[in-house]
Amino acid sequence: MGRLFREGGEIYFSLEYLPEKTPYREGHIKELYSYLTSEIETGGFRPPILVGPSGTGKTTVVNKTLQLIASKGRNVFTRNFNMMLVNSSYSAIRNICSFVTPTPERGLSLNEIIEKLYGTLEMENSIYIIGLDDIDELLRKERGRILEILTRINEDYGEYRVFPIIIVRSLKPIYVLPDHIKSKIGGLTLNFEPYNSQELIEIVKERIEKGLKENSISWKAIEAAALISEKIYGGNAREMINLIYKSALYCERKHLEFINVEVIRKVFFHEYYKHIKQEIRNRVKANILKAIVTSSEEDNYIIQANDVDKLVNEISTLYGYEKEEVVKHLEELVSRGYLLEKDGNILQLFFPKDLF
Ligand SMILES: Nc1ncnc2c1ncn2[C@@H]1O[C@H](COP(=O)(O)OP(=O)(O)O)[C@@H](O)[C@H]1O
Ligand SMILES: [Mg+2]
């Protein structure tokens with residue numbers, strides 16, 4: 001057993017783990033749940049659309065909603081299919097069908113597969129709720145053919161048994177669908193906004209509590225990871241969880257007792273930042289950044305406004321630069337995203353000391 005993870009604690013950081021709590025998404029789950037259950041009851045149905053960038057909780061919301069519906073005990077098949085790498089509607093439908101009844105790899109026509117699917121559902125007097133997760137590419141490629149097929153099943157057979165949920169990163173592939181398909185979908189549209197750093201902290205708490213031993217991570221390190229995930233990773237919760245996870249692995253490897261801000265900076269930089277930012281060519285800027293990074297505290301990322309003033313003085317004395325020049329370059333370092341600024345304080349989140 002490692003020194004940071006609880007026994008088996010790694011699983012709480014994995015993609016498969018479905019969290020107990022879903023802060024800021026309970027409303028989405030409720031809306032999707034009541035939409036689906038009322039549509040199923042009334043027997044008319046336009047597939048709902050869940051839209052938002054990566055890591056905003058779409059898959060989690062669908063999985064939790066499906067779990068909730070399945071737990072109510074009605075005859076229902078529920079399954080969320082990842083469609084990212086599925087390259088034709090035919091193979092998508094084959095996958096969908098084979099979840100409820102054995103389906104041969106080849107030899108069946110699309111119509112035969114659909115008959116088989118609907119036949120099984122009828123026989124078991126069952127319905128089937130189908131998540132079409134990350135289906136952007138397939139919609140684009142085949143102009144929504146899969147939606148046409150799945151909505152037509154119900155109309156052809158006269159009774160609603162198939163209930164698809166559309167999950168996309170962007171609405172663009174929906175906008176360009178032919179009108180006759182567009183008019184059949186979008187009974188409900190749920191928007192997923194990127195998380196801000198406070199929300200990311202709330203979200204990651206469950207994983208930290210369940211996965212890591214007490215005092216394995218400092219509060220400032222959690223804040224730093226959340227700010228990085230908001231600013232650099234676009235509010236993606238998966239990146240936030242990964243950053244904490246990789247930092248814990250790093251500590252175990254290096255026999256460190258706990259995750260502090262410097263560990264977060266190191267792991268982030270070596271995983272990501274060095275591939276993105278170009279070298280700083282300007283000598284003055286490079287010297288300023290070096291002075292700031294090397295004077296950073298191990299477990300802090302905030303340089304208070306008056307310490308910034310002190311640093312400016314030190315740098316200008318050390319290198320013989322004009323103070324105004326230092327201030328100007330410092331502002332440029334902020335505007336180019338090397339450093340962040342908040343209420344006059346400078347945030348040093350991205351660069352580990354061993355860079356210099
Ligand atoms: N509100 C939330 N509460 C708890 N965990 C969340 C929340 N939103 C996202 N996550 C977690 O973040 C990761 C990415 O979320 P996911 O649902 O896969 O996003 P998306 O499908 O939008 O890309 C998953 O591990 C998920 O459990
Ligand atoms: Mg997803």
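G119 counts as exposed, because it has 12 C-beta neighbours inside 10 Å, and a residue with 12 or fewer falls in that class. The model in which this residue is described is a predicted one. G119 lies in helix α4, which covers residues 110-123. Its C-alpha is 9.9 Å in space from that of T101, although 18 residues separate G119 and T101 in sequence.

**Domains**

The domain assignment divides the protein chain into the parts listed below.

| Domain | Residues |
|---|---|
| domain 1 | 9-14 + 195-276 |
| domain 2 | 26-191 |
| domain 3 | 283-355 |

Domain 1 and domain 2 have centres separated by 34 Å, taken over C-alpha atoms. In the contact between these two domains, domain 1 takes part with seven residues and domain 2 with five. On the side of domain 1 that touches domain 2, two residues are nonpolar, three are polar and two are charged.

**The surroundings of ligand 1**

Around ligand 1 there are 19 residues, and those that come nearest are G57, K58, T59, T60 and A237. Two helices, α2 (58-71) and α11 (237-253), are the elements that give two or more residues to this shell. Both domain 1 and domain 2 are represented, each with at least three residues in the shell around ligand 1. By character, the shell consists of eight nonpolar, eight polar and three charged residues.

**Helix α11**

Helix α11 merits a separate description. It contains 17 residues and reaches 24 Å from its first C-alpha to its last, close to the 24 Å expected at 1.5 Å a residue. Several of its residues are buried, including A237, M240, I241, I244, Y245 and A248. Further buried residues of α11 are E239, L243, S247 and C251. A237, buried in this helix, is also one of the residues that come nearest to ligand 1. Just after α11, H255 takes a positive phi of about 55°.

**The sheet**

Three strands form an open sheet, in the order β6-β8-β7, with antiparallel pairing. β6 (302-303) and β7 (340-342) stand at the edges and have a single partner strand each, so one side of each is left without a neighbour in the sheet. Between β7 and β8 (residues 345-347), which run antiparallel, there are three bridges. Within this pairing, L340 stands opposite L347 in β8.

Key
Residues are numbered from 1 along each chain as its sequence is written. Chains are lettered from A and ligands numbered from 1 in the order in which they are written. This is a predicted model: local features need pLDDT of at least 70, side-chain atom pairs count only at pLDDT 80 or more; totals for chains, interfaces and linings use all residues. A residue is near a molecule or strand if its C-beta atom, placed from the backbone, lies within 6 Å of it. Helices (H or I, at least four residues) and strands (E, at least two) are DSSP runs, numbered from the N terminus. Ala, Val, Leu, Ile, Met, Phe, Trp, Tyr, Cys and Pro count as nonpolar, Asp, Glu, Lys and Arg as charged, and the others, Gly among them, as polar. Domain bounds come from an automatic or database domain assignment. Two strands pair if DSSP finds at least two bridges between them. A residue is buried if 20 or more other C-beta atoms lie within 10 Å of its own, exposed if 12 or fewer, and partly exposed in between; C-beta atoms are placed from the backbone. The expected span of a helix is 1.5 Å times one less than its number of residues.
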